[in-house]
Amino acid sequence: MFHRTWRRAAIAAASLLTLTLVACSEEAGDTKDLSGNRAGAMVEYGVGTQFTATEPLSFSVLYNNHPNYPLKNEWLFWSELAKRTNVKLEPVAVPLSDYSQKRSLLIGAGDAPLIIPKTYHPDENAFVSSGAILPVSDYLDLMPHFKDKIDKWGLGPEIDTLRQSDGKFYLLPGLHEKPWQEYSVAVRTDILDELKLPIPKTWDELYSVLKAMKAKYPNSYPYSDRWSKPNPGGALLRNIGHAYGTQAGWAFQHSTWDPAAGKFVYTGATEQYKQMVQYLNKLVTEGLLDPESFTQTDDAARQKLANGKSFVITSNAQTLVNDYRPDLAKTIPGAKLVNIPLPIGSAGEINPASRLENGVMISKKARDSKNFVAMMQFIDWLYYSDAGQEFAKWGIEGTTFTRDAAGKRIPAPDVDMIGLNPKGTKHLQKDFGFANGVFAYGGKLDLLQSFFSPEELEFQKVMNARKPIVVPPPAPLTDAEREQVSLWETPLKDHVTQNTLKFILGQRPLTEWDAYVGELKAKNADQYIELVNKAYERFKKDNG
């Protein structure tokens with residue numbers, strides 16, 4: 001089922017659907033007169049224009065306060081942003097650990113700031129029916145940079161996945177020119193050299209590598225993983241799930257698009273999900289994957305790697321450089337750890353990363369502000385213009401960064417960022433407020449990769465040579481349908497999660513898979529998928 005033939009067919013179908021959606025979805029919009037909402041707005045504002053409000057403005061913003069770079073009022077980011085745009089942001093700081101809950105409480109009470117960043121789809125769904133957030137698709141004419149990037153980069157299919165049953169979308173996502181696969185597998189290549197083995201390219205080859213490691217070091221669990229809380233095996237299951245053509249762990253969604261069948265299916269009951277579970281069960285059964293990978297703390301996983309009790313761990317560029325290599329350098333001099341390209345599974349050579357990232361919701365209160373148009377222009381410049389994205393990420397040329405002879409951005413002599421300039425005494429995030437996850441994401445491939453080491457650039461080169469994952473068609477639920485599925489989702493997900501682990505760890509035999517699928521049906525999995533497919537057919541009809 002998961003071969004290039006269905007991928008081509010699905011891409012063609014998605015493209016046709018997108019053409020009809022683009023033609024139909026932006027027609028209705030908000031027809032209310034905006035003439036009273038233009039105070040501070042620029043009259044001539046378009047692609048390439050530096051937004052500068054015609055009068056001093058201030059906008060409240062919900063601020064996700066990251067413990068790695070706690071909020072400072074004296075950051076250069078704030079003052080330079082005001083200098084360039086004539087806008088002062090008023091952050092309402094919320095701890096990272098409490099962000100989602102606090103955001104919901106503020107929105108529910110009607111006390112949310114005007115700008116609500118760091119929202120991951122489909123979190124916005126919870127606020128649509130109440131009218132607490134704006135249908136931002138009604139106001140795209142105020143956002144030329146956002147529209148330009150969607151058009152230039154062909155992001156229509158991805159944007160359509162955000163649409164609600166009314167044909168509108170309520171989240172302004174971060175936009176990437178190319179997919180960015182952040183997570184993969186880190187492997188001790190010095191052990192591979194010792195065993196005279198090449199870097200594994202597939203999950204089957206990785207299995208063979210783990211077998212050889214176990215034979216050489218029988219007291220080890222070659223693969224011992226992290227990121228098990230609060231979602232057990234979240235990163236590992238996401239990585240291998242994509243490779244098998246399904247959605248698991250951090251990426252779990254109840255419904256998965258099956259292009260061959262032309263409909264959605266229940267993820268946790270598919271053959272692809274079963275194959276993923278069988279593979280991981282084999283690793284655990286043969287002592288190749290540490291059973292504690294699904295329960296242990298990150299520190300425990302790091303300690304096992306550092307002490308030579310494991311040789312493989314799920315990773316990304318930052319954890320490789322900031323965590324694993326420094327740990328190993330202290331305990332096993334000469335150890336070499338490398339992030340390998342995401343191993344390939346039955347889904348083929350795909351890049352599973354999305355080109356959309358977390359995004360911004362707009363409070364309904366903003367629509368009645370006299371500065372509404374100016375605020376939308378400001379958001380468009382900061383989050384979606386080339387200049388705004390570079391500013392949010394790198395700061396000020398000549399102060400926080402410079403360019404080398406080839407024009408490549410490099411940190412200023414006294415500034416460091418993720419080890420690019422270890423001699424720097426100041427940190428781009430902690431001391432200046434740039435490269436802040438609340439404001440800096442998305443953009444051209446060149447900007448995305450401007451913090452990447454040569455090693456990471458090579459990794460991304462391999463990943464971007466692969467086929468992009470098929471974007472599923474929209475299947476937005478009505479308010480009544482969403483209310484119904486909300487009653488089913490928690491018990492269904494809990495059952496999938498619990499039994500996924502039981503099967504993997506051997507606590508439940510795989511011979512009971514059919515019984516497990518029957519249990520999902522008893523918990524309304526079929527009714528869930530019936531509603532999703534009904535929504536898909538309805539949206540296709542209404543927007544075609």
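**Figure 1. A close-up of Lys263, a partly exposed residue in this predicted model.** Lys263 has a relative accessibility of 41%, and it is called partly exposed because that value lies between the cut-offs of 20% for buried and 50% for exposed. Look for Lys263 in strand β7, which covers residues 263–266.

**Figure 2. The surroundings of Lys263.** Leaving out residues up to four places away in sequence, Lys263 touches Thr256, Trp257, Asp258 and Asn533. Pro472 also makes a good landmark here: 209 residues separate Lys263 and Pro472 in sequence, while their C-alpha atoms are 9.7 Å apart in space.

**Figure 3. Inside the largest nonpolar core.** This core holds 67 residues. The members that touch the most others are Leu89, Ile115, Phe146, Leu172, Met375, Phe378 and Phe439. Several helices and strands each give at least two residues to the core, among them strands β1 (57–65) and β2 (87–95) and helices α2 (76–85) and α4 (144–152). Strands β4 (172–175) and β11 (356–362) do so as well, as do helices α12 (372–384) and α13 (386–394). Helix α12 supplies the largest share, with 11 residues. In soluble globular proteins, nonpolar side chains tend to be buried together.

**Figure 4. Phe378 and its contacts.** Here we zoom in on one of the core residues that touch the most other members, Phe378. Setting aside neighbours within four places in sequence, which residues is Phe378 in contact with? They are Phe51, Phe59, Leu81, Thr85, Val87, Leu89 and Ile115. Two of these contacts, Leu89 and Ile115, are themselves listed with Phe378 among the core members that touch the most others.

**Figure 5. A second core, separate from the one above.** This core has 53 residues, including Val185, Met213, Phe294 and Ile504.

**Figure 6. Stepping back to the chain that frames these views.** The chain contains 18 helices and 16 strands. Its radius of gyration is 24 Å, close to the 24 Å from the globule rule for 544 residues, so the chain is as compact as a globular protein of that length. The C-alpha trace spans about 75 × 60 × 40 Å along its principal axes. Buried residues account for 54% of the 544 in the chain. Of the contacts with a separation of 6 or more, 75% join residues 24 or more positions apart.

**Figure 7. Surface and charges of the chain.** About 23500 Å² of the chain is exposed, with carbon and sulfur atoms supplying 52% of that area. The chain carries 62 positive and 64 negative charges, and the mean positions of the two sets are 3 Å apart.

Note on methods. Residues are numbered from 1 along each chain as its sequence is written. This is a predicted model: local features need pLDDT of at least 70, side-chain atom pairs count only at pLDDT 80 or more; totals for chains, interfaces and linings use all residues. Side-chain values use heavy atoms; hydrogens and water are left out. Helices (H or I, at least four residues) and strands (E, at least two) are DSSP runs, numbered from the N terminus. The radius of gyration is taken over C-alpha atoms; the globule rule is 2.2 Å times the number of residues to the power 0.38. Buried means under 20% relative accessible area, exposed over 50%, partly exposed in between (1.4 Å probe, protein chains only). Contact means heavy atoms within 4.5 Å. Accessible areas come from the Shrake-Rupley method with a 1.4 Å probe; for residues, only the protein chains shown count as cover. Lys and Arg count as positive and Asp and Glu as negative; His and the chain ends are not counted. The place of a charge is taken as NZ of Lys, CZ of Arg, CG of Asp or CD of Glu. A nonpolar core is a set of buried Ala, Val, Leu, Ile, Met, Phe, Trp, Tyr and Cys residues joined through side-chain atoms within 4.5 Å.
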